[in-house]
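Reader: Please take me through how to read a structure, one feature at a time.

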Amino acid sequence: MARTLAGLFAMAAAHEAVATTAPQTTVEGLHWRIAPAADFSDNATVAARRKEQILVWDSAKDTRVAGEVLLLVDAPYDSVQPIVQRALSSFGTFTAEAENGPLAYLPEGWDRVLLSRRPDLRDALVDHFTLPRLQLAVSQGVITPAEMTQRLAQERARVDSVPQNRMSLDVFRVTYASWYATLKRSRVLSDKHDSTLTIRLLDVTAMFGHPATVVDISRDDNYPNPNAGLFKQLANFNVLSSPPARVVSDGIVPAPVFLAVRDALASLPNNMEIASTPLAWVKPVEPSDAVHPLVLRAPTTDGPIIKAQAIRWDTLVTSPRSLLYPHDLLTLPDGDLLVSAQMSDDSGWWQHVWRFHEANGEWKVENVWRGAEGTNRLSLSADGRTAWFDGAAESNTPRALIAYDVDAHRLIRHTVNWSGIERSDLQNPRWELAGDQLPTFFRHDYDSLIGGAGDDKNKLGHEYFTVMRPDTPPSSTDDTWPFHTAFASARQSMMSVRMKGNTLIWPVRWRDAKVFWVEDQPGIAELDASTGRVLRALALPQRFGTPDPQDATGVAQWVPTPLGSPEAGWIATGFVLTPDDDSQLPSSLRGTVAPHGRIVGMHVVDLNDGHVLSALLGPMDVLAAAARSAHGRYLVLGSNGPRHSGPRLVMWDIAQARTPVQLDASPSKSDVHALAFSWQGGDVWALGDRELFRWHLPDALRDSASPGSAPDQSHP
């Protein structure tokens, strides 16, 4: 013990007299200095009690204790190791071990340094592990050749992941030398702590392309947790939380050891660099293919203001004191409205569908359906004659598809029969009306649900995007309606590899008999309706989170279902972004968005040329609903203002990329639940908490329905 302490004090005093060329800042730009541990007792408890000097980092934002320090020397490992070993001899007897390890297994962080500086290794990984899988995916129609090219470029630029079986490649079996030395100080009666000082040397020549060695210095101090005592635990007892750890640990770098090693290495006629982490030496890799640019367009405010007519619909169906949760809204060809909502009455909670009819300035209501579950979404056929929803009359009965004959005011209930599929496996699959105007179900499956046999069925993975279609047209009476699996696309298996956010594929509201579109992690994709093969795919700008110039993948949360217009040839997908700063915003919005605040809107993709209009609604938390006019001339976006300050709507002219009018619902404080254009094209409707809002559009903005072209809408 005396020898160790003597060495510590001797080296601390001697370092001032040693000439050195070591830098005073780290590679990351941190300033380093020596300070008393007592100044940082919360993060260097043991060192403070021992009155030690430690290494700290100074940055523009704060000062913190160094938990680790790395010294990179442009010198061969065989020259550096003896110097370091001699420098440590004054501090005690270390337990040391030297070994050679393969490049496939490097200490944490160094694999990223290696890949960032060795494009040949990145290429070897991609050619061996990624390329064959992508080629198989193209051959099976799961991705397009253009997507394969893009993914290969992205993978060749990645440095943050290495396959587990990389040892199968010769280039990763090349070895590097390392030396690992530890000095332990166990607790004694007067000092109930233990410390482990670790010095690690790595030959990093393979990373830097010239002889180079790194020295890693750190110490772990373990001591009893003062909050783990019996009385402390009793005082802070919480049945929902785990008891505190009995031992806690601090990471520090003892100044005498750091200075001794630094000064010893300074005698070498070579450059030295200091860093706090191996990641400081990760070399930036320019992506081969940039992401789709994000160019946000803000609504204009020079159009005429149109005030909403507010209609109290709740008083037509219940008392003002009843609880009411609106769901969806449809406009019908004759001007009537269908509204769905959950409501309480004397018998409990029920789901409802009502039909509202205006005559002579007064609104009348017809109760279409009441049940225990369902009605969250309403869909109307393109001819406007059949409205669809799903629901269960009683809570203990399965949901059925319910068709409402608009002309006859009659309901037809279809119990779905899933051919060869257990109902317990379905978990309420989602449905949309397809090009034949009949419900098509979508779900996400694994091999076990569709009769596969592991990799023998699909070498790309075990996940599928499955589409189920009806075997026959629906009958005109209540019956059991059989559905079959039209196809199961392995494209779902290609969505879970290093992509951000939710990886599930979801359908677009798109009415086309030959194809349908889906939204996925990279963007949107067109699938053959009979085989599921991908016909084309379009990448999208950022849809969720902070804009990232390197990676724009990720489906947004809190947005409506993607909405398409076959007539106008576009698809709109929602986005919720949190810009880093005002430079990412249109000039008219700068200064209006709080730090880390959200802005919402939709990317409108022209399917002919791939051009994207990133149409903003504005600064708010969610995008509640969207609707398009009959021929896709207009898209209206709606949500709820900050702190329930009332409806916020914007109507975009897609071809002109502008907002021709301003839709005003003040002074209402209602939330927005659904939007819809009228079939005559002269009105925009919004479903509020207890109000219906109607905006009368100028005649020049009418987009009236015609055979085969009808308005459509969506919400989350």
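**Hairpins, sheets, helices and rings**

Author: Start with a hairpin: that of β37 and β38 has 6 residues between its strands, and arginine 643 there takes a positive phi near 55 degrees. The model is predicted, so local features need pLDDT of at least 70 and side-chain atom pairs pLDDT 80 or more, while totals for chains, interfaces and linings use all residues. Residues are numbered from 1 along each chain as its sequence is written, and side-chain values use heavy atoms, without hydrogens and water. Strands (E, at least two residues) and helices (H or I, at least four) are DSSP runs, numbered from the N terminus.

Reader: How many bridges join β37 to β38?

Author: Strands of a sheet pair through backbone hydrogen bonds, either parallel or antiparallel. Two strands count as paired if DSSP finds at least two bridges between them. Here β37 and strand β38 (residues 647-653) run antiparallel and share 7 bridges. One register point is glycine 638, which stands opposite leucine 649 in β38. With strand β36 (residues 625-628), β37 pairs over 4 bridges, again in the antiparallel sense. Alanine 626 has leucine 637 in β37 as its bridge partner. β36 and β37 also form a hairpin, with 5 residues between them, and glycine 632 in that turn has a positive phi of about 75 degrees.

Reader: Which residues point one way from β37, and which the other way?

Author: In a regular strand the side chains alternate between the two faces of the sheet. From β37, Tyr634, Val636, Gly638 and Asn640 point one way, while Leu635, Leu637 and Ser639 point the other way. Buried means under 20% relative accessible area, exposed over 50%, and partly exposed in between (1.4 Å probe, protein chains only). In β37 (residues 634-640), 7 of the 7 residues are buried, so the strand is largely enclosed by the rest of the structure.

Reader: What order do the strands have in an open sheet?

Author: One open sheet of 4 strands runs β14-β15-β16-β17, with antiparallel pairing. Its edge strands, which pair on one side only, are β14 (324-331) and β17 (362-371). Ignoring direction, neighbouring strands of this sheet are turned by 25 degrees against each other on average. Strand β16 (residues 348-359) is joined to β17 by 9 bridges, and alanine 359 stands opposite glutamate 362 in β17.

Reader: At what angle do α4 and α5 pack?

Author: Axes are lines fitted to C-alpha atoms, for helices over the stretch in contact, and angles between N-to-C directions run from 0 to 180 degrees. Helix α4 (residues 110-117) and helix α5 (residues 119-139) pack at about 100 degrees, with their axes 5 Å apart. The two are therefore roughly perpendicular (65 to 115 degrees; under 35 is roughly parallel, over 145 roughly antiparallel, the rest oblique). Leu114, Leu115, Ser116 and Arg117 of α4 make the contact with Pro119, Leu121, Arg122 and Leu125 of α5, where contact means heavy atoms within 4.5 Å.

Reader: Which backbone torsions should I check by eye?

Author: Look at cis peptides and at positive phi outside glycine. A cis peptide bond joins serine 666 and proline 667, with omega about 10 degrees; proline 667 is in the loop between β39 (662-664) and β40 (674-677). Lysine 51 has a positive phi near 60 degrees and sits in the loop between α2 (45-49) and β2 (53-58). Lysine 51 is exposed, at 75% relative accessibility. Alanine 657, in the loop between β38 and β39, has a positive phi near 50 degrees.

Reader: How many aromatic pairs are found in the whole structure?

Author: The search finds 18. Rings of Phe, Tyr and Trp (its six-membered ring) pair if their centres lie within 6.5 Å; planes under 30 degrees apart are stacked, over 60 edge-to-face, and the rest tilted. Tryptophan 32 and phenylalanine 258 have ring centres 5.0 Å apart and planes at 80 degrees, so the pair is edge-to-face. This pair links strand β1 (residues 31-36) to helix α9 (residues 255-265), with the two positions 226 residues apart in separation. Tryptophan 32 is buried at 9% relative accessibility, and phenylalanine 258 is buried at 0%. For tryptophan 418 and phenylalanine 483, the centres are 5.6 Å apart and the planes at 55 degrees, so that pair is tilted. Both rings belong to one aromatic cluster, formed by Trp388, Trp418, Phe441, Trp481 and Phe483.
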